[in-house]
Amino acid sequence: MRPPWLPSSRAPWLPSSPGFWRSPVRGPWFTSVLGVVLLGGITVLFVTGLLSYAAYNPNLAPVNDQTPDKGLLGFYLFAWPTDPPWLYRLTQGVHVTLGLTLIPVLLAKLWSVVPKLFELPPARSLAHALERVSLLLLVGGALFEFVTGVLNVQLDYVFPGSFYPLHFYGAWVFFAAFVAHAVLKTPAALRNLRRPRTEEGEPGSPPRAEPTVSRRGALGLVGGGSLLLFGTTAGHSFDGPLRQTAVLAPHGGPEPGSGPGGFQINKTAAYARIDDRETSADAWRLVVVGRSGTVRLSRAELERLPLHSSALPIACVEGWSTSDQRWRGVRLRDLAALVGHDEPPDVLVESLQRHGAFRRAALRANQVADPRSLLALYVNGEGLTPDHGHPARVIVPAAPGVLNTKWVARMTFGDL
């Protein structure tokens with residue numbers, strides 16, 4: 001007797017053969033439900049991804065532009081606001097958490113339509129050929145975007161080149177194919193959702209296998225997987241016990257250390273190769289350049305300037321963020337005034353860090369002018385730790401974490 005897990009000699013062996021794909025769960029209704037979920041979810045992902053790119057202010061200065069050949073794809077870019085101060089924390093947290101939550105839905109959708117990829121003949125008409133090409137771009141783009149996004153969240157940069165242009169260009173290719181597919185398929189999907197669930201087969205389709213799970217059970221499995229990913233990821237946007245639930249994110253688990261500086265970071269001082277001799281009170285000087293010349297200030301001299309406080313979070317492109325930390329330091333606009341700028345201009349901030357992306361970053365005039373934007377010397381009542389940017393760091397409301405430069409060495413005010 002032939003074991004039940006082996007196909008019979010008459011069973012189709014090729015994915016393009018009729019009857020090869022016999023799961024009774026596949027069908028128009030099941031595929032349409034997943035498609036409608038992805039239609040809304042991927043649209044939100046695309047919009048929040050574009051907002052994330054705009055938050056880097058790539059049109060401000062070349063040092064901020066990680067995708068210099070974007071051309072017309074940067075048509076929407078605008079000056080990123082400083083209000084509300086938690087704006088980037090919200091948009092990027094939604095982008096990353098929703099992206100991970102949608103992975104089971106995406107995989108189930110691909111599983112449900114995989115027979116379409118093996119249909120013969122490859123093209124029955126020009127319209128059918130265009131649909132097949134858009135489908136290949138859609139599937140390839142989806143896998144590329146989700147894989148690179150997950151690797152970025154995990155801080156695993158194993159792909160060739162920089163994450164920023166790869167993910168940016170990939171998003172446009174994927175979303176163009178997604179829009180074309182949605183235009184072609186949404187009317188049929190809505191009809192399928194209104195159709196009774198028993199009408200699953202298509203005319204001339206091969207007999208189905210015996211079901212091992214119902215369509216409701218399959219949707220429950222997909223929804224349960226998404227809830228599991230949500231529950232083990234969303235906590236990286238919070239402090240305290242909730243962060244410990246983010247076991248699938250590198251910033252889950254306990255806070256890094258304790259005390260006033262016990263909140264999340266990406267790069268340590270050791271990783272950035274910050275030498276303690278450079279940051280000592282005797283050696284370190286902040287160089288401020290502007291219209292009236294150059295000023296060099298020690299940390300003690302900075303502390304004698306008017307100090308102000310701001311309660312602001314830190315939020316990074318990987319989706320993690322902290323709650324508000326209490327920062328204290330010199331307003332950026334006051335530093336601009338020291339070098340002859342009555343109206344706050346743009347500023348180029350340079351770090352003691354010598355290698356790596358965003359060791360230099362540009363800020364717009366509206367960010368400099370905001371009274372909450374500081375060159376911070378203290379956080380939560382204590383001096384900055386080396387990992388948090390001692391002797392001084394920038395903190396700006398609503399800005400991505402990489403623009404809040406640590407270990408600041410030089411600030412150049414003026415048009416960039």
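**Exercise 1. Find the partner of Leu348, then place its strand in a sheet.**

Step 1. Leu348 stands opposite Thr412 in strand 10. The model is predicted.

Step 2. Look at the two strands. Strand 5 covers residues 347-351 and strand 10 covers residues 408-413. They pair in the antiparallel sense, over five bridges.

Step 3. Widen the view. The order 2-1-10-5-6 describes an open sheet of five strands. Its pairing is mixed.

Step 4. Find the edges. Strand 2 (293-297) and strand 6 (360-363) each pair on one side only. From one strand to the next, the twist averages 15°.

**Exercise 2. Describe how helix 4 packs on helix 5.**

Step 1. Recall the two quantities to look for. Packed helices are described by the angle between their axes and the distance between those axes.

Step 2. Apply them. Helix 4 (residues 126-153) meets helix 5 (residues 163-194) at an angle of about 140°. The axes lie 8 Å apart.

Step 3. Classify the angle. Over 145 degrees would count as roughly antiparallel. Helix 4 is therefore oblique to helix 5. The crossing is left-handed.

Step 4. List some contact residues. Helix 4 contributes Leu135, Leu138 and Phe144, among others. Helix 5 contributes residues including Phe163, Val173 and Phe178.

Step 5. Sort the contact by character. Its residues divide into 13 nonpolar, eight polar and three charged.

**Exercise 3. Locate the unusual backbone spots.**

Step 1. Start from the general rule. Most peptide bonds are trans, and most residues other than glycine have a negative phi.

Step 2. Take the cis bonds. The bond from Asp83 to Pro84 is cis, with omega near -10°. Pro84 sits in the loop between helix 1 (28-55) and helix 2 (87-101). The bond from His390 to Pro391 is also cis, with omega near 15°. Pro391 sits in the loop between strand 8 (382-383) and strand 9 (393-395).

Step 3. Take the positive phi values. Leu155 has phi near 60°, and belongs to the loop between helix 4 and helix 5. Ala398 has phi near 70°, and belongs to the loop between strand 9 and strand 10.

Step 4. Buried or exposed: which word fits Ala398? Buried means under 20% relative accessible area. Ala398 has 4% relative accessibility, so Ala398 counts as buried. Leu155, at 32%, is partly exposed.

**Exercise 4. Summarise the whole protein.**

Step 1. Count the elements: nine helices and 10 strands.

Step 2. Give the extent. The C-alpha atoms fill a box of roughly 85 × 45 × 35 Å along the principal axes.

Step 3. Give the burial. Of the 416 residues, 47% are buried.

Methods: Residues are numbered from 1 along each chain as its sequence is written. This is a predicted model: local features need pLDDT of at least 70, side-chain atom pairs count only at pLDDT 80 or more; totals for chains, interfaces and linings use all residues. Side-chain values use heavy atoms; hydrogens and water are left out. Two strands pair if DSSP finds at least two bridges between them. Helices (H or I, at least four residues) and strands (E, at least two) are DSSP runs, numbered from the N terminus. Axes are lines fitted to C-alpha atoms, for helices over the stretch in contact, and angles run from 0 to 180 degrees between N-to-C directions. Angles under 35 degrees count as roughly parallel, over 145 as roughly antiparallel, 65 to 115 as roughly perpendicular and the rest as oblique. A crossing is left-handed if the near helix is turned anticlockwise from the far one by less than a right angle, and right-handed if clockwise. Contact means heavy atoms within 4.5 Å. Ala, Val, Leu, Ile, Met, Phe, Trp, Tyr, Cys and Pro count as nonpolar, Asp, Glu, Lys and Arg as charged, and the others, Gly among them, as polar. Buried means under 20% relative accessible area, exposed over 50%, partly exposed in between (1.4 Å probe, protein chains only).
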